[in-house]
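Biologist: Before I trust my own eye, I would like to learn how to read cysteine pairs and aromatic rings in a model. Could you take me through them step by step?

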Amino acid sequence: MAKTEVEKKSQDQQLLVPEDDTASSSRRSLAGNRQRLASLDIFRGLTVALMILVDDAGGEWPVIAHAPWEGCNLADFVMPFFLFIVGVSIALSLKRISNKIEACKKVGFRTCKLLFWGLLLQGGFSHAPDRLSYGVDVTMMRFCGILQRIALSYLVVALVEIFTKNSHEENLSSGRFSIFKSYYWHWIVGASVLVIYLATIYGTYVPDWEFVVNDKDSVLYGKIQSVSCGVRGKLNPPCNAVGYVDRQVLGINHMYQRPAWKRSKACTINSPYDGSLRQDAPSWCRAPFEPEGILSSISAVLSTIIGVHFGHIILHLEGHSARLKHWVSTGLVLLTLGLTLHFTHLMPVNKQLYSFSYICVTSGAAALVFSSLYSLVDILEWRLMFLPLKWIGMNAMLVYVMGAEGMLAAFFNGWYYRHPHSTLINWIREHVFIRVWHSRRVGVLMYVLIAEILFWGLVTGVFHRFKIYWKL
């Protein structure tokens, strides 16, 4: 690919969307100037940085780690932010489609590559960065994951965008809701997704079930445990329809073995920290659960549809104030709806189930964050302070694989002195950060911020200087 072409593509457009006239599709993103939408790159970089932060510092700071069940911590915003960004990128990259068949081929091919990388990175082959072992036990291979969920959402929404391109006008009427009417097929798909999700989660009968404990550190290793359910419409950890569908379709051995619910008060005395399970912990505390499972991934498509809507605003509304007015008002409505559903107990915010209230809260937050970055970066042009995040966002796949998935750290951990824990990475973390700050919690946080996030910001800055990008 020519350097000039690479420069014009945002990383999600390189990774996740067809290469159809990306430069022209974003030409109006900055009031008529042919510039890339810097705020989208920065938002992507911020999301990747958040992923590294919550994954590597969440153990010491559980307030930012995934909520054990209901609620929404900082880590719970990462996935819907990614899906929102993918949606915006789809709208920009597919503004003009010269050949629908070719566009579908590119979408399908890129979807397959996302699925391949997802299975490779989270399916069980790599145990990076701490355990120096590789290989796949196919009987325990995890089928779902982050990239798999992105692949599904991208495939569905991109195909809707392609095949409904002729059903709406290039220039919308002046009505307040004209953009919703113009893209009505997207909202029909979104409503269908929501109906399927709600009907399944509240209408499915969940019978009693059992599993074999696979934790080798447990005294119950290899023993069969039973979970009593026999209910319908429950949203608790053991008896929800999301887990039931995954157990039936994927198989319980192909689900995530360390779900966040193990940090709940019912399971561990150290809650919300990780720790040994309570002696009186219910049996389901030892069971697998897939946070990126089938039913929750179907629900997640709605996050991408909301992102596409925000991309359509960029294409059809010329003025900054008009765009911001629409974005902010939509974000506030979503936040209000989601929080209302949560605090009235109609449907709690729950990342593990990807509940509708969770979609509303996280999509509303994404709207407000994106609006803020758009104001600061693309309107006020405060770009210098965000350069590291922009560089990360332009090479997001590199940082995801090497940083967030720990492949670079795993390489260095492969070289140790006498003992596998005596590695350069561990020495730096302990002597340069933890001992200097006289606090493990603060030291780990500073290590993640400086030695990981800032480090990758500088590395991707060098890559950007030489026009090097990892294209999926």
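Biologist: Are Cys267 and Cys285 buried or exposed?

Modeller: Keeping in mind that this is a predicted model, both Cys267 and Cys285 are buried. A disulfide is a covalent bond between the sulfur atoms of two cysteines. Here one joins Cys267 to Cys285, with an S to S distance of 2.0 Å. Both cysteines lie in the loop between H10 and helix H11 (294–316), so the bond ties together parts that are 18 residues apart in sequence.

Biologist: How many disulfides does the count come to?

Modeller: The count comes to two disulfides. Cys229 is joined to Cys239 at an S to S distance of 2.1 Å, and this link is left-handed, with -90 degrees about the S-S bond. For Cys267 and Cys285 the torsion is about -80 degrees, so that disulfide is left-handed. With the bonded cysteines numbered in sequence order, the pairing reads 1-2, 3-4.

Biologist: Why is Cys104 not bonded to Cys112?

Modeller: The closest cysteine sulfur to that of Cys104 is in Cys112, but it is 13 Å away, which is too far for a bond. Cys360 is likewise in no disulfide, the nearest cysteine sulfur, that of Cys72, being 12 Å away.

Biologist: And the rings: which geometry do Phe116 and Trp117 have as an aromatic pair?

Modeller: A pair of aromatic rings is described by the distance of the centres and the angle of the planes. Phe116 and Trp117 are edge-to-face, at 6.0 Å centre to centre with 75 degrees between the planes. The whole structure holds 23 aromatic pairs, and ring pairs link residues including Phe43, Phe77 and Trp327 into a cluster.

Technical notes. Residues numbered from 1 in each chain as written. Predicted model: local features only at pLDDT ≥ 70, side-chain atom pairs only at ≥ 80, totals over all residues. Heavy atoms only, no water. Phe/Tyr/Trp six-rings, centres within 6.5 Å; stacked < 30°, edge-to-face > 60°. Disulfide = S-S within 2.5 Å. Helix = DSSP H or I, 4+ residues; strand = E, 2+ residues; numbered from the N terminus. Buried < 20%, exposed > 50% of the residue type's maximum accessible area, 1.4 Å probe, protein only.
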